[in-house]
Amino acid sequence: SVTSNNYEGLEGAPPRFKELLGCICRESVPFLLKEDESAIPIAALFFKQGDYSFIKELIDSSSLDAESWMKTYFENVVIPLYHLQMKHGVGMVAHGQNVVLILKDKKPYGVILKDFHGDLRLSSTSHLIGNHSVSSLTVLPPEYLIHDLYTGHFVTVLRYISRVMEEFNILREEAFYKLLGDVVENYFEQGLINRPEGPLNLLREEVEKLQVNKVRFVMGYKESTEPLKPLVGKNIKNPLVKYRNWSLQ
């Protein structure tokens, strides 16, 4: 970044006062793909216009039905993000713009993560603590870090995908979350990790409702102020559990 010396003496000034010109260099996504792969930002999945739905077009052009397509998505996107936290203590605020979906034959195949400046954090119980390669990352208790998945992906991505699928009669919302619950249960049954208790268990009966907007009334809107401890309200029923016994028929 190019900075102005005139602003350097301002104590507590937000970054925008000190960074007049900046850029972010990333690896090229096409460079990371194989010949038979393509990639899209995950936010594209809830794009709609009139009677057109992008995710519907993807599913229709694949060889899978809606349930199988979403199951493949959960296995190749949600589970890797969850495993990254559970096995390595690395959390990613996986919203729709900093996660790129890899497609193979129009089907979910993998993910590419970007925007590591601030959106990549480390659990205080991670085996990577002390490793110089992650020394600059913010360290949070695991019960805080899990909200990078809950809020970063479930609330800001899956909630909108499920709404579009319901609206376009692609997949019932109940079926959507039942499938996700089944995929998480299967992940536990594989024995890759021990089934966690408390906040890290995605199949709890209730989950915390994060108050994303209210936290700004408490902490303010300064760019230099980032809430680390989630502000939570009353618990809500976990849809991943609520619909586990719901019939897809």
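Residues are called buried when their relative accessible area is under 20%, exposed when it is over 50%, and partly exposed in between. By this scale arginine 195, at 42% relative accessibility, counts as partly exposed. The structure described here is a predicted model. The protein has 249 residues, of which 41% count as buried, and its secondary structure consists of 9 helices and 10 strands. Among contacts between residues at least 6 apart in sequence, 65% join residues at least 24 apart.

Helix 3 spans residues 66-88 and thus has 23 residues. From its first C-alpha to its last, helix 3 reaches 32 Å, close to the 33 Å expected at 1.5 Å a residue. A kink of about 30° is nevertheless present in helix 3, centred on phenylalanine 74. Phenylalanine 74 is also one of the buried residues of helix 3. The others on that list are Ala66, Trp69, Met70, Thr72, Tyr73, Val77, Val78, Ile79, Leu81, Tyr82 and Gln85. An α-helix has 3.6 residues a turn, so residues three or four places apart point the same way. Just after helix 3, glycine 89 adopts a positive phi of about 70°.

Helix 7 (residues 173-189) has 17 residues and covers 25 Å between its first and last C-alpha, close to the expected 24 Å. Of these 17 residues, 13 are buried, so helix 7 is largely enclosed by the rest of the structure. Glycine 191, which follows helix 7, has a positive phi near 75°.

Two packed helices are described by the angle between their axes and the distance between the axes. Helix 3 and helix 7 pack at an angle of about 50°, and their axes lie 9 Å apart. At this angle helix 3 is oblique to helix 7, and the crossing of the two is right-handed. On the side of helix 3, the contact is made by Glu67, Met70, Lys71, Phe74, Glu75, Val78, Ile79, Tyr82, His83 and Met86. Helix 7 contributes Phe176, Leu179, Leu180, Val183, Val184, Tyr187 and Phe188. Phe74, on which the kink is centred, is therefore among the residues of helix 3 that take part in the contact with helix 7.

Helix 7 also packs against helix 6, which comprises residues 147-167. The axes of helix 6 and helix 7 come within 8 Å and cross at roughly 135°. This angle makes helix 6 oblique to helix 7, and the crossing is right-handed. The residues of helix 6 in this contact are Phe154, Leu158, Arg159, Ile161, Ser162, Met165 and Glu166. Those of helix 7 are Glu173, Glu174, Phe176, Tyr177 and Leu180. Phe176 and Leu180 of helix 7 are listed in the contact with helix 6 and in the contact with helix 3.

Serine 162 illustrates the packing of helix 6 against helix 7. With 0% relative accessibility, serine 162 counts as buried. Leaving aside neighbours within four places in sequence, serine 162 is in contact with Glu173, Phe176 and Tyr177.

Positive phi values also occur outside glycine. Most residues other than glycine have a negative phi. Asparagine 169, in the loop between helix 6 and helix 7, has a positive phi near 55°. At 72% relative accessibility, asparagine 169 counts as exposed. Lysine 106 likewise has a positive phi, near 70°, and is found in the loop between strand 5 (99-104) and strand 6 (107-113). The relative accessible area of lysine 106 is 40%, and this residue is partly exposed.

Two further loop residues concern regions that follow helix 7. Arginine 195 is placed in the loop between helix 7 and strand 9 (206-207). Not counting residues up to four places away in sequence, arginine 195 touches Glu185, Phe188 and Leu203. Arginine 195 and glutamate 185 are 10 residues apart in sequence, with a C-alpha to C-alpha distance of 9.3 Å. Leucine 210, in the loop between strand 9 and helix 8 (214-219), is partly exposed at a relative accessible area of 24%. Leucine 210 and histidine 147 are 63 residues apart in sequence, yet 8.2 Å apart in space, C-alpha to C-alpha.

How values were computed:
Residues numbered from 1 in each chain as written. Predicted model: local features only at pLDDT ≥ 70, side-chain atom pairs only at ≥ 80, totals over all residues. Heavy atoms only, no water. Helix = DSSP H or I, 4+ residues; strand = E, 2+ residues; numbered from the N terminus. Expected span 1.5 Å × (residues − 1). Bend = angle between axes of the 7 residues up to and from the residue. Buried < 20%, exposed > 50% of the residue type's maximum accessible area, 1.4 Å probe, protein only. Axes fitted to C-alpha atoms, helices over the stretch in contact; angles between N-to-C directions. Parallel < 35°, antiparallel > 145°, perpendicular 65-115°, else oblique. Left-handed = near helix turned anticlockwise from the far one by under 90°. Contact = heavy atoms within 4.5 Å.
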